[in-house]
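Hi,

Here is the structure I said I would pass on. Have a look at it first, and then read on for what turned up.

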Amino acid sequence: RAETEGQGSDDGIRFDRLLSQQEFADMVGTAREVVYRTFKKFEDDGLIHMTRDSIFIRDLDSLRKIALQEAR
């Protein structure tokens with residue numbers, strides 16, 4: 001979504017936060033708490049920033065690397 005719907009900003013690539021944590025969890029087949037902890041870790045690591053309405057991708061390359069490692 002960051003690449004297709006995202007808009008560049010000073011805080012990174014911004015896109016609307018359309019799904020709740022529960023909806024993200026349902027989409028990937030996990031618990032909402034796992035989604036919360038994952039988003040929190042990504043924020044703590046400076047990879048993303050989340051607001052009530054938006055998600056800002058600050059380090060897309062690092063997120064891609066994590067996704068590739070998890071897919072193995």
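Let me start with a pair of charged residues: the side chains of Arg 64 and Asp 61 meet in a salt bridge, with N and O 3.3 Å apart. Keep in mind throughout that this is a predicted model. Both Arg 64 and Asp 61 belong to helix H4, where they sit three residues apart, about one turn of the helix. Salt bridges with shared partners also bring in Glu 3, so that Glu 3, Asp 61 and Arg 64 make up one network. As for accessibility, Asp 61 is exposed at 51%, while Arg 64 is partly exposed at 37%.

How many salt bridges does a search of the whole structure find? Seven. Two others are worth pulling up on your screen. Lys 40 bridges to Asp 44, with the closest N and O atoms 3.0 Å apart. Those two are four residues apart in helix H3, which means that about one helical turn separates them. Lys 40 is partly exposed, with a relative accessibility of 37%, and Asp 44 is exposed, at 55%. Then there is Arg 32 with Glu 33, where the closest N and O atoms are 3.7 Å apart. Both ends of that bridge are partly exposed: Arg 32 has a relative accessible area of 32% and Glu 33 one of 40%.

Now for H3 itself, which runs over residues 32–44. Its 13 residues should span 18 Å at 1.5 Å a residue, and the C-alpha atoms at its ends are indeed 18 Å apart, so expectation and model agree. Which residues of H3 are buried? They are Val 35, Phe 39 and Phe 42. These cover an arc of only 60° around the axis, so they lie on the same side of H3. The general rule fits in here: an α-helix has 3.6 residues a turn, so residues three or four places apart point the same way. On the other side of H3 you will find Arg 37 and Asp 44 exposed. And what covers the buried residues of H3? The cover includes helix H2 (21–28), strand E3 (48–50) and helix H4 (60–71). Just after H3, have a look at Gly 46, which takes a positive phi of about 80°.

One of those buried residues turns up again in the aromatics. The count comes to one aromatic pair. It is formed by Phe 24 and Phe 39: the ring centres are 5.3 Å apart and the planes stand at 80°, which is over the 60 degrees required, so the pair is edge-to-face. The pair links distant parts of the chain, with Phe 24 in helix H2 and Phe 39 in helix H3, 15 residues apart. Both rings belong to buried residues, Phe 24 having a relative accessibility of 16% and Phe 39 one of 15%.

Last, a polar residue: Ser 54, in strand E4 (residues 54–57). Is Ser 54 buried or exposed? It is buried, with a relative accessible area of just 5%. Its side chain makes a polar contact of 3.2 Å with the side chain of Arg 14. Setting aside neighbours within four places in sequence, Ser 54 is in contact with Arg 14, Phe 15, Arg 17 and His 49.

Cheers

Technical notes
Residues are numbered from 1 along each chain as its sequence is written. This is a predicted model: local features need pLDDT of at least 70, side-chain atom pairs count only at pLDDT 80 or more; totals for chains, interfaces and linings use all residues. Side-chain values use heavy atoms; hydrogens and water are left out. The expected span of a helix is 1.5 Å times one less than its number of residues. Buried means under 20% relative accessible area, exposed over 50%, partly exposed in between (1.4 Å probe, protein chains only). The arc is that of the directions from the helix axis to the C-beta atoms. Contact means heavy atoms within 4.5 Å. A polar contact is a pair of N or O atoms within 3.5 Å; within protein, one must be able to donate a hydrogen and the other to accept it, and residues adjacent in sequence count only if both atoms are side-chain atoms. A salt bridge is a side-chain nitrogen of Lys or Arg within 4 Å of a carboxyl oxygen of Asp or Glu. Rings of Phe, Tyr and Trp (its six-membered ring) pair if their centres lie within 6.5 Å; planes under 30 degrees apart count as stacked, over 60 as edge-to-face and the rest as tilted.
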